[in-house]
Amino acid sequence: MQSSNQPPDPIAKILKESLTPAATATAAAAAVKDDKILPRPELPSLKTRFPEHETGVRIKPTWQETVMGFGKNDSWKVKCEAHVRSVLKNSVPVKLLTEALSSVGCEFDISRHIACEQCDESVGGGFDTKNLQIVICQNVSTTEGKVTSVLAHEMIHAFDYCRMNADFTNVDHVACSEIRASTLTHCSFLSALFQGAVTPWDFTNKHQDCVKIKATESTMSALSVPFEVALAAVEKVFPRCYADREPFGRIPRRNSRDVDKSYYERFYYGYGS
């Protein structure tokens, strides 16, 4: 931690300013006020965030929710599963990740490894290492675009788990996988702009700042660790993990053919059959 007479770390400052209550509704992190970190309530438990997945009991809407039009659990599930099928068929990055998982010894079966379930509204999805299953939150990820984003992000975690035997109880391993997922699926110019990590006149190398913001938030959320712990882990592993672009081989740019190139070149790197 920096002493009081040192200038503030600009990345830490960006991270703190970006971690608003809305952005960190799922994180037991810290509220930043007047450059001081104040404790927040603990992150909801996994049972609270993923109630159906953790208990094995399907949530049924109350009669009040049904009357008010909120009890759409069944229709959400049907739509979610339809979105998943469409994404697996049509999304190039998801198809690449599916083949990459198979190539590292983890065959990907839609009926076994993906579950559409009711979740707390603070999360859009997650990767369960115990059951080797990706959860898509059907009541949050309600469009095909959101399902694509969540599925690609969580499949990178699954890929890291299979390829590197990542330990998702280890803060350094989680930070590394979150860095990779943010690098390959989340951060673009618009994402970095909205995060406050970049301006239209200062984009050079700012992609890294966006990745650090997202990875820190996600590490805090995944392990319920404080802001300082998550940021320290991200900074510690950042150079190595940011440089690991597998299985894409590059940082896919939005509105480019980068992902298509990665898919066509997959055979050169041992992915696909």
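These legends walk through several close-up views of the structure above.

The model is predicted, so local features need pLDDT of at least 70 and side-chain atom pairs count only at pLDDT 80 or more, while totals for chains, interfaces and linings use all residues. Residues are numbered from 1 along each chain as its sequence is written, and side-chain values use heavy atoms, with hydrogens and water left out.

**View 1. The whole chain holds 13 helices and five strands.** Helices (H or I, at least four residues) and strands (E, at least two) are DSSP runs, numbered from the N terminus. Of the 273 residues in the chain, 44% are buried; here buried means under 20% relative accessible area, exposed means over 50%, and partly exposed lies in between (1.4 Å probe, protein chains only). Take the contacts with a separation of 6 or more: 59% of them come from residues 24 or more positions apart. A contact means heavy atoms within 4.5 Å.

**View 2. Three strands form an open sheet in the order β3-β5-β4.** The pairing in this sheet is mixed, and two strands pair if DSSP finds at least two bridges between them. At the edges are β3 (114–117) and β4 (125–128), each pairing on one side only. Neighbouring strands are turned by 20° against each other on average, direction ignored. For a closer look, follow β3 and β5 (residues 133–137): they run parallel and are joined by four bridges. One pair to find is Ile-114 with its bridge partner in β5, Ile-134.

**View 3. Helix α9 packs against helix α11.** Two packed helices are described by the angle between their axes and the distance between the axes. For α9 (residues 171–186) and α11 (residues 207–223), the angle is about 135° and the axes are 8 Å apart. Axes are lines fitted to C-alpha atoms, for helices over the stretch in contact, and angles run from 0 to 180 degrees between N-to-C directions. The two helices are therefore oblique to each other; angles under 35 degrees count as roughly parallel, over 145 as roughly antiparallel, 65 to 115 as roughly perpendicular and the rest as oblique. The crossing of α9 and α11 is right-handed: a crossing is right-handed if the near helix is turned clockwise from the far one by less than a right angle, and left-handed if anticlockwise. Among the residues making the contact are Val-174, Glu-178 and Ser-182 of α9, with Cys-210, Lys-214 and Ser-218 of α11. By class, the contact of α9 with α11 has nine nonpolar, six polar and two charged residues. Ala, Val, Leu, Ile, Met, Phe, Trp, Tyr, Cys and Pro count as nonpolar, Asp, Glu, Lys and Arg as charged, and the others, Gly among them, as polar.

**View 4. Helix α9 also packs against helix α12.** Here α9 and α12 (residues 227–242) meet at about 60°, with axes 8 Å apart, which makes α9 oblique to α12. This crossing of α9 and α12 is right-handed. On the α9 side, look for residues including Asp-172, Cys-176 and Arg-180; on the α12 side, residues including Ala-233, Val-237 and Cys-241. The contact of α9 with α12 divides into eleven nonpolar, one polar and four charged residues.

**View 5. Helix α9 is mostly covered.** Of its 16 residues, twelve are buried, among them Asp-172, Glu-178 and Arg-180. What covers these buried residues includes α8 (144–164), α11 and α12.

**View 6. The loop between α12 and α13 (258–264) holds Ile-251.** Ile-251 counts as partly exposed because its relative accessibility is 21%. Leaving aside residues up to four places away in sequence, Ile-251 touches Thr-183, His-207, Tyr-242, Arg-245 and Asp-258. Ile-251 and His-207 are 44 residues apart in sequence and 10.0 Å apart in space, C-alpha to C-alpha. Pro-247 is also placed in the loop between α12 and α13, and the peptide bond from Glu-246 to Pro-247 is cis, with omega near 0°.

**View 7. Leu-132 and Asn-165 show backbone details in loops.** Most residues other than glycine have a negative phi, and most peptide bonds are trans. Leu-132, in the loop between β4 and β5, has a positive phi near 50° and counts as partly exposed at 35% relative accessibility. Asn-165, in the loop between α8 and α9, has a positive phi of about 55°. Asn-165 is exposed, with a relative accessible area of 60%.
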